[in-house]
Amino acid sequence: MTAVLEGRSVSKWYGQVIAVNNVTFTLEQGVVGLLGPNGAGKSTLMKLITGQLQPSQGEVTMFGERIWNNYELFHRIGFCPEQDSFYERMTGAEFLAVMLQMHGYDDAEVARRTDEALETVKLTEARDKKIAAYSKGMRQRIKMAQAIAHDPEVLILDEPLAGMDPVGRHEVIQMVRQWGRDRKCVIVSSHILHEIEAMTSTILLMHNGQVLAEGDVHQIRDLIDKHPHNISIRCSVPRRLAEAIVGFPDVESVKFHPEGDGLTVESRKPDDFYGRLPGLMLDKEIELEEITSPDDNLQAVFHYLVK
Amino acid sequence: MPIHDLSYSHWTGEWTSHPYRWWVITRQGITMLAKKRGFLVLLFLSLIPFLVRCVMLYVAVVMGRITLVKVDAKFFEAFLSQQLFATFIISIFAGAGLIANDLKANALQIYFSKAITRRDYLIGKLGIVVFFVTLSTLIPGLLLFFLAAAFHSSLEFLQEYSWVMLPIIGYSLIIIFTNALIVLAMSALNRSARFAGIFFAAVVFFGQILYSILAVLLRTTSVSWVSISHNLTQLGDVLFRSDPGYKTSPWISALVLLIWMLGSVWIIHSRVRAVEVVK
Amino acid sequence: MAQSFSLKKGWRDVKTIAFLTLDTLFWSKKTLFVCLLSLIVLGLAVVGRVVLSLNLVPTALPSSQVFGTLMATSVIRFLVIFVTLFYGTALISEEVEGKTLTYLFMRPIAKPTIMLGKYLALTWIGAIMVLPTVFMSYMILYLRADMRPFFEDLGVLGRDIPIVLLALLAYGSFFALLGAWLKHSILIGLIYAFGWEGFVAVLPGFTRKLTITHYIQSIFPHGDTLSALSMLVGQRTETIESIVTLVLLTAFFILTASLVLREKEYVLEQ
């Protein structure tokens, strides 16, 4: 089966600067978070994926076809750019209508899809207001609307939550998750890790123009051997628990919480540790209050791989 | 104290005196423009007439072909008049975006939140255009004069034409400040450097068109005052003691240019404000 | 999926882009400026009319010569150039500066079609801005009690209109190419229009054929209008050859602009 989006040994350079360096990736349906620090090459990769730039080397294909100058593919792609730029004189509805006309729909279909897209992004009431008068959040919504109005199979969203209030963010996150469930391929680029985490656990992590990691956050975390997993346990008698676990070979360190109500264990084999823990608790008569893994998340993965 | 405090501390040194703060803006503008290869190419191209005239000087003075080229006051005046188009282009490139881009980016608030006055800002911006237009008029003009003096084996040239230095300086300054002030006024009127450039071009070329039509209609050259470039060349003729090319009184030409310059200063002054007053 | 293209779809896309561009160009400050320029040209026609009517000059020119002067200088060499320079260079570069180019490039429309649509809009708006000025100038200069010259010279007006249109098309395509290709397109356009074309006009021989203005002036119906033009008039290119050259130049510039748009990578500043 052809992958939705593929990059094979993709490089892009501007003069002496290599923005994207020999990147290979494969993306299927579902939501993928594209993240990395500033200057990682995310924007350049987005531009390569959306056909705004041509690779200096390698190729980027969508549904098996090259993207550059392949305008027919744009029936199937929706792009929400980062920049806050519009044809300001137009109303929201007019803007969407023009974008849909360029997709070749007739007037009736344009009207129907315009209404539907505005409804989805909750801008129906502001449809006849000029975009110049929109708030930042409304401008972001109309950008999303033009990306989804033609019901594309692939959605590329560059910082889709920028400028949105908490309610708006929540709504967009729910929309993105729904698109993923609807078997669209959604690529979301963001600097804000917890927002990506709220949308997906599949990431494409970039740094210095290269892909550092690709796949599920938790799987990636498991593979980062250099940094043992932190497991935080709150219990009735932390010192008794510490005494019991300190002898296990996979336990790297044990550190007590300052409050005295628990401890944090560093373990290279978290699954083995979790397997042992219930029996241990029963044997030692320890009451377990809470168990969490503070670094089995995107923030930790990002930090460990990038820093 | 063994462990030094490296946290933030206020400046206790000397503050630079106020009269030079405009230079910060000028210097920064010059540095930024000097980094643009296209602009440097343009500057170089604008100096080609200067190089050609150096060769002409050599041919006339050193090789003795005075019948081919006469090195007199008109020689220097012709060079400066020839540079009018180049100064127009350089003014647009260097000046059209100077204030327009700041207006577009709302940078005036940032400028005026620092210890500079509006005057510092305007003089600073003016200095950028003046600098580059000077490079294509006054400096090559004076260099040509010194070269002509140097090529002559005797002091004869200097004895006869030493007075030409003042018209070179005067004509150059009129060209420099006319271009600089008008282009800055256009820049101050727009938030787009593109618009500002086009406005400036329209002002310059429309005057020329207007003159050519009126001259045909009224069968006289005394209407040359409608064109900025014709006023400049008229003043050039007068300064270099040549027969004026048009029947317009040089005082009228001077007055028109003065009105343009003062009008530009007024426009710039009224448009450049730290705070926008919304009524 | 092979790239399919049908003329019907292509024409529909061209129209959509043209209307979008027309809307953004027309309702902008540029249009106010161009209207001002047109009014100034009409003002010149009024001045001409006043001079003629009040006999301010002993040996006055006939209306035809005043109209010809107006056309040759203020319309062809000023208004047409400024309108096409202003709008033509803005076709693509304003989309780049305004960062709206992404919206066009992310639609299933071939980039050459985008260029054609924008060029069509440029032609429309150029015609809207310039042709009424030509008509009204004619009216201003010719309307009087004795209407015979008005009707006698209608043929000249009839020739002037298509020539002005051809000038709009030729200059428009050239400046559209500059706008798509170069960063400082207005500056280059000004250097070309008022530097190169002005300089080459006084050169003898073949070099004047390297300008658009030479071919336009060659098909201009007005006779020895200005002494500055008489050299050009004296070395005209044949009318048919001039028209064909202008059409070919227009096609060449627009095709090249389409190719540039297709192949160039436009980096929108973040």
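Here are some notes on how the chains of this predicted model fit together.

1. Start with who touches whom. Two pairs of chains touch, and the pair with the most contacts is A and C. Chains A and B share no contact, and their closest C-alpha atoms are 14 Å apart.

2. A quick word on chain A by itself. Its fold has ten helices and 14 strands, and its C-alpha atoms fill a box of roughly 75 × 45 × 35 Å along the principal axes. Of the 307 residues in chain A, 40% are buried. If you take the contacts in chain A between residues at least 6 apart in sequence, 68% of them join residues at least 24 apart.

3. Now the interface between B and C. Here 27 residues of chain C are in contact with 21 residues of chain B. On the chain C side, the elements giving two or more residues are helix 2 (29-53), helix 3 (63-97) and helix 8 (185-200). Helix 3 of chain C gives the most, with nine residues. By residue type, the chain C side splits into 18 nonpolar, seven polar and two charged.

4. What does helix 3 of chain C meet over on chain B? The partner is helix 12 of chain B, which runs over residues 193-218. The two axes come within 9 Å and cross at roughly 175 degrees. An angle over 145 degrees counts as roughly antiparallel, so that is how helix 12 of chain B and helix 3 of chain C lie to each other.

5. If you want to pull up that helix pair in a viewer, chain B brings B:I198, B:A202, B:F205, B:F206, B:I209, B:S212, B:I213, B:V216 and B:L217. Facing them from chain C are C:V66, C:T69, C:L70, C:T73, C:S74, C:R77, C:F78, C:F82 and C:F86. Together the residues of this contact divide into 13 nonpolar, four polar and one charged. The spacing in both lists is worth a look with helix geometry in mind: an α-helix has 3.6 residues a turn, so residues three or four places apart point the same way.

6. One last spot, inside chain B. Which residues of helix 4 (residues 73-82) of chain B are buried? They are B:F75, B:F76, B:E77, B:F79 and B:L80. The cover over these buried residues includes helix 3 (48-62), helix 9 (138-151), helix 11 (165-189) and helix 13 (228-239) of chain B. B:E77 may catch your eye, being a glutamate among the buried residues of helix 4 of chain B.

Technical notes: Residues numbered from 1 in each chain as written. Chains lettered and ligands numbered in written order. Predicted model: local features only at pLDDT ≥ 70, side-chain atom pairs only at ≥ 80, totals over all residues. Contact = placed C-beta atoms within 7 Å. Helix = DSSP H or I, 4+ residues; strand = E, 2+ residues; numbered from the N terminus. Nonpolar A, V, L, I, M, F, W, Y, C, P; charged D, E, K, R; others polar. Buried ≥ 20, exposed ≤ 12 C-beta atoms within 10 Å, placed from the backbone. Axes fitted to C-alpha atoms, helices over the stretch in contact; angles between N-to-C directions. Parallel < 35°, antiparallel > 145°, perpendicular 65-115°, else oblique.
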